[in-house]
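Student: I have a new structure on my screen and would like to understand its pockets. Could you talk me through them?

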Amino acid sequence: MSDVSKMYINGEWVTSESGETKQIMNPATGELVGTASFGGGQEAKKAIDAAHDAFGKWSRAAARERSKYLYKLYELVRDHRDELAGIISAEMGKPLREAKGEVLGAADNFLWYAEEVKRVYGETIPSSIPNKRIMVLRQAIGVVAAITPWNFPVNMVARKIAPALAAGCTVVLKPAESTPLSAIRLFELIEQAGFPKGVVNLVVGDPVSIGKEFMENEKVQKIGFTGSTRVGKLLMEGAAKQVKRVSMELGGHAPFIVFEDADLDAAADGLFESKFRNTGQMCISTNRLYVHENVASSFTEKLAERLKKAKVGDGRNKDTEIGPLVNEQALNKVLDHIEDAKNKGAKVAHGGNRLTDGDYAKGFYCEPTVLVDVTTEMKIYQEETFGPVVPMITFTDEAAVVEHANNTRFGLAAYVYTRDNARCFRMAELLEYGIVGINDGSPTQTQAPFGGFKESGIGREGGKYGLEEYLETKFVSFGV
Ligand code: NAP
């Protein structure tokens, strides 16, 4: 059992009671990356007990004390950037350059909240009654159960645990079962940073039984989730029975609008960033490209030129820009969306096929693809594709394109390219999305609020908004 990666519960590295394990395979090559112990509800319960026991002392510690641990963790994550990036890339295929960026993003979250923890202020409010005083306190919610996806296996963890720990909450984290190894390495650094036992716990295993324990255990005060809207809704239903707090970062269906007056080179670069980063497997990935009719053919050419140069391959190679899909199921969904679109009249302007020659045969690769003549009844127009395919639709009228862009149950990210200042403001206000990139294909930063409208989620991660999610507001009335 020595080469089995373990869970971290109450300051101890443990294996599952059942002895079950899960092998983690590299989606670029099919090779074994490592083996993780695979637990379930029992382990989740133990971890929740530990987090509950640790809560009182941790939440009452001076803010500067909590800051010290977070700062140490920032330094450790920063210093282990290459190692963590290597594990991410092996586990889920992300190009190394991007994986390094992800790890630095995670480190930045620990740094930011190490600083922000010192600024959790309360308030006094003038009373209407002369012999009373009003005080407002901000206090940690309690034990937080967090669930994260595989597409940003380190940064999604950081974005949850950094603000939760800063606020004074204790945490039980369940990472995605296909990417536990990077989370386990992060937890080794958490141990090295010296967090008191029970403050942060890691449970790897069966999502259904762990999720059930998270929803039903009364010691859990809050569920923080990033993943699909389907699972988010299940967790919300379960959490409602005990009125647990929830933060939900769910699916997206981002429109990317290129107006006639746009800088087309900048727009092509922005689209490449927003569609092909992480092989299109981001909640904020472009999912519908709207291009003004008068510039559609020149924009398609620019995009195809850019894609011809894009190096597709094993994420661990230095020059790889686009890696494999995370698994066969993900690849099949992408290919199905392409096939469905072609059957309904779309034309392939670039790519369109699975890559199978040479080393590609071992992994789950799809050519970066551009589809034109896309219409609203195609699956690719209606669903989140989560892959390297751009479906292009032309438009002529500003009001109509906004209506199309907003005509979805999702509302996470939207992108607009235009040189018209007034239109920039109109678009920023009219698009029903939590994040709007105006002439910006990569609009995320640690200090900015990240989250969605409609079925894309509830709550925000990032910056001071992220900290709010882990704090309760208490009104204290003093008779004087
Ligand atoms: P997913 O299937 O919902 O999985 C996300 C997490 O939920 C994983 O840890 C998964 O565990 C767990 N899970 C699955 N079923 C569960 C259940 N019944 N109870 C409790 N937990 C359960 O999503 P995914 O396919 O991995 O991730 C892609 C989705 O996440 C996309 O829709 C994407 O847009 C969204 N996403 C959103 C954001 C955002 O910030 N808004 C960021 C990234 C991704 P297992 O891995 O063990 O199945």
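**Two pockets and their linings**

Tutor: Happily! Let's start with helix α4, which gives the most to the lining of the second largest pocket, with six residues. Keep in mind that this is a predicted model.

Student: What makes a residue part of the lining of a pocket?

Tutor: A lining residue has an atom within 4 Å of a point of the pocket. For the second largest pocket, 26 residues line it, and G101, F152, N155, R277 and T444 are the closest to its centre. Besides α4 (96-116), the elements α5 (155-167) and α9 (264-276) each supply at least two residues of this lining.

Student: Why is the second largest pocket said to lie between domain 1 and domain 2?

Tutor: Domain 1 (4-250 + 456-479) and domain 2 (254-445) both give residues to its lining, so the second largest pocket lies between them. Its volume is about 530 Å³.

Student: How are the residues of that lining divided by class?

Tutor: They divide into nine nonpolar, eight polar and nine charged. Gly counts as polar and Arg as charged, so G101 is polar and R277 is charged.

Student: And how much space lies in the largest pocket?

Tutor: About 1,300 Å³. Among the 38 residues that line the largest pocket, W150, G227, S228, R230 and V231 are the closest to its centre. Elements that give two or more residues to this lining are α7 (207-216), β11 (220-226), α8 (229-240) and α11 (328-343).

Student: Which classes make up the lining of the largest pocket?

Tutor: Here there are 18 nonpolar, 12 polar and eight charged residues. Domain 1 and domain 2 each provide at least three residues of the lining.

Key. Residues are numbered from 1 along each chain as its sequence is written. This is a predicted model: local features need pLDDT of at least 70, side-chain atom pairs count only at pLDDT 80 or more; totals for chains, interfaces and linings use all residues. Side-chain values use heavy atoms; hydrogens and water are left out. On a 1 Å grid over the protein atoms alone, a cavity is a set of points where a 1.4 Å probe fits but cannot get out, and a pocket is an open set with protein on both sides within 12 Å along at least five of seven lines; lining residues have an atom within 4 Å of a point. Grid points are joined across faces, edges and corners, and a volume is the space filled by probe spheres set on the points. Helices (H or I, at least four residues) and strands (E, at least two) are DSSP runs, numbered from the N terminus. Domain bounds come from an automatic or database domain assignment.
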